[in-house]
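Visitor: I am new to protein structures and would like a close look at a single part of this one. Could you pick a histidine in a loop and walk me through its surroundings?

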Amino acid sequence: MGIFAKIAAGEIPSYKCAENDEFYAFLDINPLVKGHTLVIPRREVDYIFDMEDDELARFEVFAKKVAVAIKAAFPCVKVGQAVLGLEVPHAHIHLIPMQSEKDMNFANPKLSLSAEEMQEIACKIYQEFSK
Ligand code: 5GP
């Protein structure tokens with residue numbers, strides 16, 4: 001099992017932001033900004049565009065709900081969405097609260113946040129998602 005599948009299964013710890021039977025959302029360990037979240041299918045699939053249409057549609061609808069929760073927890077202009085997948089071979093959507101387009105630059109230095117800060121951020125998003 002790959003690292004993200006283990007995270008979704010709870011075998012590797014993560015800062016949980018949202019979940020349902022099929023999908024899981026958690027904080028990126030090297031965030032570009034506070035609230036930078038990854039959304040994944042529990043099922044192991046590498047390339048997002050290998051997903052079947054109906055699964056991909058449900059994935060995006062789940063990501064939308066997470067984005068709404070992120071925006072409520074971390075007021076921003078919009079939540080940006082990006083798919084790279086160059087590092088981890090398990091489909092994932094990056095959701096990033098943006099104040100400007102600069103926040104979507106993956107070459108930017110990453111934030112260094114304490115475990116307490118990460119927990120607090122994840123809790124805020126989880127609370128909004130659960131409303
Ligand atoms: P990508 O595959 O989209 O190019 O990059 C993978 C992303 O996953 C990176 O932003 C990286 O910080 C994040 N990441 C890699 N390994 C872990 C991990 O073990 N836990 C968490 N929470 N994020 C990770």
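**A close look at His90**

Guide: Let's begin with the whole protein: for its 131 residues, a compact globule would have a radius of gyration near 14 Å, and the protein agrees because it has 14 Å. That radius is taken over C-alpha atoms, and the globule rule is 2.2 Å times the number of residues to the power 0.38. Please keep in mind that this is a predicted model, where local features need pLDDT of at least 70, side-chain atom pairs count only at pLDDT 80 or more, and totals for chains, interfaces and linings use all residues. Residues are numbered from 1 along each chain as its sequence is written, and side-chain values use heavy atoms, with hydrogens and water left out.

The protein has three helices and five strands, arranged along the sequence as α-β-β-β-α-β-β-α. Here helices (H or I, at least four residues) and strands (E, at least two) are DSSP runs, numbered from the N terminus.

Now for our residue. His90 sits in the loop between strand 4 and strand 5. His90 counts as buried because its relative accessibility is 4%; buried means under 20% relative accessible area, exposed over 50%, and partly exposed in between (1.4 Å probe, protein chains only). Leu86 belongs to the loop between strand 4 (78–82) and strand 5 (93–98) too, yet Leu86 is exposed, with a relative accessible area of 80%.

What surrounds His90? Leaving aside neighbours within four places in sequence, His90 is in contact (heavy atoms within 4.5 Å) with Phe4, Ala5, Ile40, Pro41, Arg42, Arg43, Glu44, Val45 and Asp46. One of these, Glu44, is 46 residues away along the chain, but its C-alpha atom is separated from that of His90 by 6.2 Å.

The side chain of His90 also has polar contacts: a polar atom of it lies 2.7 Å from the backbone oxygen of Pro41 and a polar atom of it lies 3.5 Å from the backbone oxygen of Arg43. A polar contact is a pair of N or O atoms within 3.5 Å; within protein, one must be able to donate a hydrogen and the other to accept it, and residues adjacent in sequence count only if both atoms are side-chain atoms.

For another histidine in a loop, turn to His36, between strand 2 (23–27) and strand 3 (37–41). His36 is buried as well, at 2% relative accessibility, and its side chain reaches the backbone nitrogen of Leu32 at 3.0 Å.
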